[in-house]
Amino acid sequence: MRELMKVTREKMTAAVLYGKRDVRIEQVPIPRVGPGEVLVRIKAALTCGTDLKVYRQGFHARMIVPPSVFGHELAGVVEEIGEGVESFTPGMRVVSANSGPCNECFYCERQLANLCENLQFINGAYAEFIKIPESIVRQNLLILPENVSFHEAALVEPLACVLRAVEKTEIEEGNTVVVIGMGPIGLMFVQVLKAQGSKVIALGNRSTQLAMAKTMGADYVVDSTRSNVVEQVRKITSGMRGADVVIEAVGSKETWQQAMGMVRRGGTINLFGGCPSGTHIPLDSTLIHYSEITIKANFHHTPRHIREALDAIHRGKFKAKSLITGEEHLAALGSVLERLLNRNGDLKIAIIP
Ligand SMILES: [Zn+2]
Ligand SMILES: [Zn+2]
């Protein structure tokens, strides 16, 4: 049986990033699996803001040096297993996270696997096959329940980041929470926050995004291209006090600063959106000190949150489908990325090899 499933070809079709806005569809060698590794036949890969950034700048300081295969949100079917793999067999439907922690370092020992010193990343979701390394097979490769499609499953990774951030922000029921930025991540925050009983004020700069925020349950939407956004948000909160919590999901100097202006005394800001490296932002020390503002930030996910994300999709607690606005063949990846860069109103596109 296992022999039947084995790939007999040498090459596969994959997207290779060569540099700034230069992605080519090529024939590359199919990765060979070693002990503990799994080869997955990709059924769906989702576009992501991080991939767009990488495509626009041509590299990623921590993750991608061109020429390289890329893409990191994926689901598929086990094609081949390496020696010693016991939990998976060929034919199983699976979702893989894009990294695996080492379980041995200072951070892993403290349940901070997202900050693991030896975090092993994978790239190459925009391809026919991907090799899942041993650390991910062991901790972050999950079998899909029958009712979860490949498209929905591929959303597990970004959703895990969002779930972890919401947990770490420590939001009380009934809190007013501002979410700045209505890209896919911001919209995920809106949906998760509504489900746990927050009052949500959504800020976005495009009408299509704001309409989406409404369908996800936002109580108020604010067009962030208008002047005095901070004041507009304060006006919505009772007594112009400011919001209990502000989550920033853009990653820019302006929006990080806006976040500080929107929070009430004693409130919490979560700076979730990563700014370009080297960005420095001035702090209003009076505001931070005398208003007792807590500033948090969150990066990445842990194996527990990957499981929670899949569970939320499986139980229908999170409506993953609403974030996937289209489907395209792998050959069209370049034009899809160009379209997304031009902000055509799409959220996530499922890329099918
Ligand atoms: Zn992503
Ligand atoms: Zn570690």
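This passage walks through the domains, two helix pairs, the main nonpolar core and two individual residues of a predicted model.

Let's start with the overall layout. The domain assignment splits the protein chain into domain 1, made of 2-154 + 319-352, and domain 2, covering 163-296. Their C-alpha centres sit 30 Å apart. Where the two domains touch, domain 1 supplies 8 residues and domain 2 supplies 9 residues. On the domain 1 side, the touching residues are a mixed bag: 3 are nonpolar, 2 polar and 3 charged.

Next come the helix pairs. Helix α6 spans residues 156-169 and helix α12 spans residues 303-314; their axes come within 8 Å and cross at roughly 110°. Angles from 65 to 115 degrees count as roughly perpendicular, and α6 and α12 are therefore roughly perpendicular to each other. From α6, the residues involved are Val 156, Leu 159, Ala 160, Leu 163 and Arg 164, and they meet His 305, Ile 306, Glu 308, Ala 309, Leu 310, Ala 312 and Ile 313 of α12. Sorted by type, this contact has 9 nonpolar residues, 1 polar and 2 charged.

A second crossing involves helix α2 (residues 49-57) and helix α13 (residues 333-341), with axes that come within 10 Å and cross at roughly 100°. That angle makes α2 roughly perpendicular to α13. Here α2 brings Leu 52, Tyr 55 and Arg 56, while α13 brings Leu 337, Leu 340 and Leu 341. The tally for the contact of α2 with α13 is 5 nonpolar residues, no polar ones and 1 charged.

Now for the core. In soluble globular proteins, nonpolar side chains tend to be buried together. The largest nonpolar core in this model has 110 residues, and the ones with the most contacts inside it are Ala 154, Val 156, Val 178 and Val 179. Helix α6 gives the most to this core, with 8 residues. Both domain 1 (2-154 + 319-352) and domain 2 (163-296) give residues to this core, so the core lies between them.

Val 156 ties several of these threads together. Val 156 is among the core residues with the most contacts, and it is also one of the α6 residues that meet α12. Setting aside neighbours within four places in sequence, Val 156 is in contact with Val 95, Ala 97, Ile 306, Ala 309, Leu 310 and Ile 313. Of these, Ile 306, Ala 309, Leu 310 and Ile 313 belong to the α12 side of the helix contact.

Two other residues are worth a look. Val 28 is in strand β2, which covers residues 22-29. Val 28 has 18 other C-beta atoms within 10 Å and is partly exposed, since being buried takes 20 or more. Beyond neighbours within four places in sequence, Val 28 is in contact with Lys 11, Met 12, Ala 14, Val 16 and Val 69. From Val 28 to Val 162 is 134 residues in sequence and 34 Å in space, C-alpha to C-alpha.

Arg 264, for its part, belongs to strand β15 (residues 263-271). Arg 264 has 20 C-beta neighbours inside 10 Å and so counts as buried. Not counting residues up to four places away in sequence, Arg 264 touches Arg 241, Gly 242, Ala 243 and Asp 244. Met 92 is 172 residues from Arg 264 in sequence, and the two are 49 Å apart in space, C-alpha to C-alpha.

Note on methods
Residues numbered from 1 in each chain as written. Chains lettered and ligands numbered in written order. Predicted model: local features only at pLDDT ≥ 70, side-chain atom pairs only at ≥ 80, totals over all residues. Domains from an automatic or database assignment. Contact = placed C-beta atoms within 7 Å. Nonpolar A, V, L, I, M, F, W, Y, C, P; charged D, E, K, R; others polar. Axes fitted to C-alpha atoms, helices over the stretch in contact; angles between N-to-C directions. Helix = DSSP H or I, 4+ residues; strand = E, 2+ residues; numbered from the N terminus. Parallel < 35°, antiparallel > 145°, perpendicular 65-115°, else oblique. Core = buried A, V, L, I, M, F, W, Y, C linked by C-beta atoms within 7 Å. Buried ≥ 20, exposed ≤ 12 C-beta atoms within 10 Å, placed from the backbone.
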